[in-house]
Amino acid sequence: MSSSNSGNVGIVIVSHSPKVAEGAADMVRQMVGNAVPLAWTGGDVDGGLGTNVAGILEAIEAAWSQAGVAILVDLGGAETNSEMAVDMLPEDRRTRVVVCNAPVVEGAVIAATESSGGSPLAAVKRSAEEFYA
Amino acid sequence: MSLDREAREKLVRALAHAVITHADELTSLDQAIGDGDHGLNMKRGFAAVLAALPGLADKPLPEMLKTIGMTLVMKVGGASGPLVGTFFMELGKALSETPGRAEFVAAADKAIAAVKARGRSDAGQKTLLDVLVPVQAVLAEGGDAAAIAAEASRAADRTIPMLAIRGRASFLGERSIGHMDPGSRSTALLINAAVATLVSEANS
């Protein structure tokens, strides 16, 4: 987990595998440096493959930005758990967090690149989703 | 329906026992068409629910159901955590401490609608909704405990020839046909455990 206080849209990476999530975050950092708040989470609460809501909530907190947070997920449970986490956020934050329908690694790099230019949340989400559409 | 503290604890233990004793079977079902973690995930979730006893059963029924739901959301790990957890949480939100059948039917309707929204799914896609929706229909029509339990088991069986449209099994396309949906099986187990406990309470 890591973050920055750039004011750009934050990026959260959620994978069933902590290694995939961390690796994708490494790729994002290489691309955009510390220009965007970034956090990753992966694995179930026992450390096995899976995702967990508490970990996702922590990652959102770590990558929090007033501009909002874009979440990139891999497979179904990561998406469902991320949407659950978003619904559990305080109301003033809930509307500023989106789950992107994009591949987790490529989407994270593209979303972060868009964010690093100061784009708003909707544009960050769109860029991740359109690149591979 | 009024459940005293002892009955609430029995209900929690019966639900957890049903899932935990069938964890290997649920995992086998999930290995056939999913990622093989359903039994382990549900077992972890219900072990955490059990660990919340005896305090959990001190809570009034609505609060107890909400707490079970939140525990499953936080502990299960797969998509089934938010799905099954949402069902319990919404049921708890909609029920009073002493619900009658009409109130229970209305609450279950709300809870099922919330599960559909959470999974962006509906009956017919080889998910737990293929048990929840037909069982709810029997409940709403006034079916007795035996009819409700029988429908839960039959509904899970009816997922065997279904093509998966949602969830990990949908990646298999037509190869998902011929296997029971693990989420439907665990949901049927939970319903049967709840019915058995409520019947024994009503008769005691």
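This is a guided tour of a predicted model with a chain A and a chain B, taken one selection at a time.

**Strand S3 of chain A**

Begin by selecting residues 69-73 of chain A, which form strand S3, and colour them so that they stand out; five of the five residues in this strand are buried. Turning the strand shows that both of its faces are covered, with Val69(A), Ile71(A) and Val73(A) buried on one side and Ala70(A) and Leu72(A) buried on the other.

Next add strand S1, residues 10-15 of chain A, which pairs with S3(A) in the parallel sense over five bridges. Within this pairing, Ile11(A) stands opposite Ala70(A). Then add strand S4, residues 97-100 of chain A, which runs parallel to S3(A) and is joined to it by four bridges; here the bridge partner of Ala70(A) is Val98(A).

**Ile11(A) and the nonpolar core**

Keep Ile11(A) selected and show its surroundings. Leaving out residues up to four places away in sequence, Ile11(A) touches a set of residues that includes Val28(A), Val36(A), Leu38(A) and Ala63(A), as well as Ala70(A) and Leu72(A) of the strand already on display. Further along the chain, Ala108(A), Ala111(A), Ala112(A) and Ser115(A) are also among the residues that Ile11(A) touches.

In soluble globular proteins, nonpolar side chains tend to be buried together. The largest nonpolar core in this model has 94 residues, and the members that touch the most other members are Ile11(A), Ile13(A), Ala70(A), Ile71(A) and Leu72(A). To see which element gives the largest share of this core, select helix H5 of chain B, residues 61-75, which contributes seven residues.

**Ser15(A)**

Return to strand S1 of chain A and select Ser15(A), which lies in that strand. Is Ser15(A) buried or exposed? A residue counts as buried when 20 or more other C-beta atoms lie within 10 Å of its own, and Ser15(A) is therefore buried, with 27 C-beta neighbours inside 10 Å. Apart from neighbours within four places in sequence, the residues in contact with Ser15(A) are Val20(A), Ala21(A), Ala24(A), Gly42(A), Asp74(A), Ala78(A) and Val104(A). For a sense of scale, draw a distance from Ser15(A) to Pro90(A): the two are 75 residues apart in sequence, and their C-alpha atoms are 24 Å apart in space.

**Where chain A touches chain B**

Now show both chains and select the residues that meet, which are 14 residues of chain A and 16 residues of chain B. On the chain A side, the elements that give two or more residues are helix H2 (53-62) and helix H3 (76-87), and the largest share, five residues, comes from H3(A). Coloured by residue type, the chain A side divides into five nonpolar, seven polar and two charged residues.

**Chain B as a whole**

Hide chain A and look at chain B, whose secondary structure comes to ten helices and zero strands. Its radius of gyration is 16 Å, close to the 17 Å that the globule rule gives for 204 residues, so chain B is as compact as a globular protein of that length. The C-alpha trace spans about 45 × 35 × 30 Å along its principal axes, and buried residues make up 48% of the chain.

**Helix H8 of chain B and the loop before it**

Select H8(B), which has twelve residues and reaches 16 Å from its first C-alpha to its last, close to the 16 Å expected at 1.5 Å a residue. Its buried residues are Leu129(B), Asp130(B), Val131(B), Leu132(B) and Val135(B), and what covers them includes H7, helix H9 (145-158) and helix H10 (182-203) of chain B. After H8(B) comes Gly142(B), with a positive phi near 95°.

Most residues other than glycine have a negative phi, and most peptide bonds are trans. In the loop between H7 and H8 of chain B, select Arg120(B), which has a positive phi of about 45° although it is not a glycine, and then Lys126(B), whose phi is also positive, near 65°. Arg120(B) is exposed, with 11 other C-beta atoms within 10 Å, whereas Lys126(B) is buried, with 28.

**A cis peptide bond**

Finish at Leu53(B) and Pro54(B), which are joined by a cis peptide bond with omega about 0°. Pro54(B) is found in the loop between helix H3 (38-51) and helix H4 (55-58) of chain B.

Technical notes. Residues numbered from 1 in each chain as written. Chains lettered and ligands numbered in written order. Predicted model: local features only at pLDDT ≥ 70, side-chain atom pairs only at ≥ 80, totals over all residues. Contact = placed C-beta atoms within 7 Å. Nonpolar A, V, L, I, M, F, W, Y, C, P; charged D, E, K, R; others polar. Buried ≥ 20, exposed ≤ 12 C-beta atoms within 10 Å, placed from the backbone. Rg over C-alpha atoms; globule rule 2.2 N^0.38 Å. Pairing = 2+ DSSP bridges. Core = buried A, V, L, I, M, F, W, Y, C linked by C-beta atoms within 7 Å. Expected span 1.5 Å × (residues − 1).
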